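Take a look at the aromatic rings here, and at what sits around them. A helix follows at the end.

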Amino acid sequence: MAKRVLLTGSGGFIGAHCLEYFLDNTNWEIICVDSFRNKGIISRHREAVRNHPDYQKRVKTYTHDLSVPLDHQLENLILESRIDDRGNVVSKKLDYIINMASDSAVERSALDPTYCLRNNFDLAVNMLEFARRVNPTIFFHVSTDEVYGEAKPDQAHVEWDVIMPSNPYAASKAAQEAVAIAYWRTYDVPVVITNTMNNIGEWQDPEKFLPKIIQTVSTNGTVPIYGDSEDSIGSRFYLHAKNHADAFVFLSKFAPARYSEGAERPDRYNVCGDVELNNLEMAQLVAELMDKPLNYKLIPSESARKGYDRRYALDGAKLKDKGWTAPVPFRDSLKQVVDWTLANPHWLV
């Protein structure tokens, strides 16, 4: 029998890639919930289901602002609750909740911290309350490398490293993790926390670094690179969003650690790419793939973005040792994203 999955933030960049990947690689039934008022857009849904004309048989989409609790009627729709011939309420099992939704822009969080903090914390609480009621097999709480703050040179944060967020967005994600752990401990919600890094892929918002490079190089503009000198340019690891989606499929095969069964803490996994590039190297590689020159200028990082972390890095050994390997190689995925974006300028302009 097909698993039933609730995917929040399905109109977001990573969420839409998860939707497409699940349609392509599983028989899951997918219930999508998104407010479509932050960066979630319905156009990503259209792209995700483009190759599945019969997607209505497997996908249901509901518009709801997750910063307020799920109402009873929406809960009934998600669970397909009904009254049987004997007068009993019958509901379908929800196997996995993948809580992807969050306002994820560091710059916006620095300009309006209270909105980001309240939105992200409230939606986490509301989804955990929903999970407490419906008791899924796994509640995946999707988090970020940014909760750990800046990584020193040659350092990679392991699971359960010290949390040290540098900006309001990172703090909001750390707060989400804290409340998820509390629900795991107090209510035995089957929480599994995943921390990931910079995801790339098609359909990404133009405010993000990769599409911004493509757009700027296409128009012969100058790419801003954070760094006080070429020796202090920030660096990132990159992961195609399809690899991120694959990690959920892989981890769904394992029973989560439960407090009621004696576990000391919930399961937590770093979902990582294995290629690190500084921001200038990334821009140079994209320009090379576009066969165009790169014009760039250095911008002092602290003046450009408050709470800016020069480097992020996660240690992916735990998930690798469990048997997971990312199916999409970095260089291949980057070329694919560049080519697709140039061929679909309505996502670039």
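**Rings, charges and a helix**

In this predicted model, the charged end of R265 sits over the ring of W160, 4.7 Å from the ring centre. A second such contact involves K322. The charged end of K322 sits over the ring of F254, at 4.2 Å from its centre.

Rings also pair with rings. The count comes to nine aromatic pairs. Take W184 and Y259. Their ring centres are 5.7 Å apart and their planes stand at 70 degrees, so the pair is edge-to-face; the cut-off for that class is over 60 degrees. Where do W184 and Y259 lie? W184 belongs to helix α6, residues 168-187. Y259 is in the loop between α8 (241-251) and β12 (267-271). The pair therefore ties together parts that are 75 residues apart in sequence.

Are W184 and Y259 buried or partly exposed? W184 has 1% relative accessibility, so it counts as buried. Y259 has 34%, so it counts as partly exposed.

Elsewhere, F22, W28 and Y96 form one aromatic cluster. F22 is also one of the buried residues of α1.

Now follow helix α1, residues 13-25. How many of its 13 residues are buried? The number is 11, so α1 is largely enclosed by the rest of the structure. Among them are F13, H17, E20 and Y21. The length of α1 can be checked too. At 1.5 Å a residue, its 13 residues should span 18 Å, because the expected span uses one less than the number of residues. The end C-alpha atoms of α1 are 18 Å apart, which agrees.

Note on methods: Residues are numbered from 1 along each chain as its sequence is written. This is a predicted model: local features need pLDDT of at least 70, side-chain atom pairs count only at pLDDT 80 or more; totals for chains, interfaces and linings use all residues. Side-chain values use heavy atoms; hydrogens and water are left out. Rings of Phe, Tyr and Trp (its six-membered ring) pair if their centres lie within 6.5 Å; planes under 30 degrees apart count as stacked, over 60 as edge-to-face and the rest as tilted. Helices (H or I, at least four residues) and strands (E, at least two) are DSSP runs, numbered from the N terminus. Buried means under 20% relative accessible area, exposed over 50%, partly exposed in between (1.4 Å probe, protein chains only). A charge sits over a ring if NZ of Lys or CZ of Arg is within 6 Å of the ring centre and within 35 degrees of the ring normal.
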